[in-house]
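This report goes through a single protein chain, from its sheet to its overall dimensions. Please look over the sequence and the model before reading on.

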Amino acid sequence: MLKYNVFACKSPIDQSVKFYARLISPIPVNCQQLATVISEKCTVTIHDVKAVLSALEEEIVNYLRNGASVRLGDLGTFRATIKSEGALNRTDFMAKNIRRVNVRFLASPNMRHKLSVLNPDMQFMKAGDVYSHLGPVEEEQ
């Protein structure tokens, strides 16, 4: 179940206020918890699962460092992207202009469907309202 808050946001153009949903950041599941659940669902020991997850992480990083994307079946695809400073012309651009490497994950169509609001298994729970920096906001009836 996905928990969300409702927050108010003012338009910078006309100062009108609209309300939007924002997911509440859950406590992340760590490798130990994931390994425990996986080992309970199959015949593999928790130590074997942890070893495989650790090796998977290491190999994904190695492939991304070497310019490959990594597709994990019905889970999705990991790929590296870069951020760089611009140069005035092509010949002035050098590797030192690259500032950061990011990792992007694109969910597979199967995973996107499983997390779609059209999927009857998806459930949402409203946790509360957040008005943050806007102060009290009058809602239209």
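In which sense do β3 and β4 pair, and over how many bridges? The pairing of β3 and β4 is antiparallel, and it runs over three bridges. The model is a predicted one, and the values below are computed from it.

## The hairpin of β3 and β4

β3 covers residues 70–72, and β4 covers residues 76–84. Together β3 and β4 make a hairpin, with three residues between the two strands. Gly73 lies in the turn and has a positive phi of about 50°. At one of the bridges, Leu72 has Gly76 in β4 as its partner.

## The three-stranded sheet

The hairpin belongs to an open sheet of three strands, ordered β3-β4-β5 and paired antiparallel. β3 and β5 are the edge strands, each pairing on one side only. From one strand to the next, the twist averages 25°. In general, the strands of a sheet pair through backbone hydrogen bonds, in either a parallel or an antiparallel manner.

β5 spans residues 98–107. β4 and β5 run antiparallel and are joined by nine bridges. Two positions illustrate the register: Arg79 has Arg104 in β5 as its bridge partner, and Ala80 stands opposite Val103 in β5.

## Asn102 in β5

Asn102 is located in strand β5. Is Asn102 buried or exposed? Its relative accessibility is 14%, so Asn102 counts as buried, the cut-off for that class being under 20%.

The side chain of Asn102 makes a polar contact of 3.3 Å with the side chain of Arg100. When neighbours within four places in sequence are set aside, Asn102 is in contact with Arg79, Ala80, Thr81 and Lys83. Among these, Arg79 is the bridge partner of Arg104, and Ala80 faces Val103.

## The salt bridge

How many salt bridges does the structure hold? The structure holds one. It is formed by Glu85 and Arg99, whose closest N and O atoms are 2.9 Å apart. The pair links distant parts of the chain, 14 residues apart: Glu85 sits in the loop between β4 and β5, while Arg99 is in strand β5.

The two residues fall into separate accessibility classes. Glu85 has a relative accessible area of 40% and is therefore partly exposed. Arg99 reaches 54%, so Arg99 is classed as exposed, a class that begins over 50%.

## The chain as a whole

The protein chain contains three helices and six strands. Along the sequence, these elements follow the pattern β-β-α-α-β-β-β-α-β.

What is the radius of gyration of the protein chain, and what would a compact globule of 141 residues have? The chain has 22 Å, whereas such a globule would have a value near 14 Å. Along the principal axes, the C-alpha atoms fill a box of roughly 55 × 55 × 25 Å.

Of the 141 residues in the protein chain, 17% are buried; Asn102, at 14% relative accessibility, is one of the buried residues. For contacts between residues at least 6 apart in sequence, 37% join residues that are at least 24 apart.

Conventions: Residues numbered from 1 in each chain as written. Predicted model: local features only at pLDDT ≥ 70, side-chain atom pairs only at ≥ 80, totals over all residues. Heavy atoms only, no water. Salt bridge = Lys/Arg side-chain N within 4 Å of Asp/Glu carboxyl O. Helix = DSSP H or I, 4+ residues; strand = E, 2+ residues; numbered from the N terminus. Buried < 20%, exposed > 50% of the residue type's maximum accessible area, 1.4 Å probe, protein only. Pairing = 2+ DSSP bridges. Axes fitted to C-alpha atoms, helices over the stretch in contact; angles between N-to-C directions. Polar contact = N/O pair within 3.5 Å; in protein donor to acceptor, adjacent residues only side chain to side chain. Contact = heavy atoms within 4.5 Å. Rg over C-alpha atoms; globule rule 2.2 N^0.38 Å.
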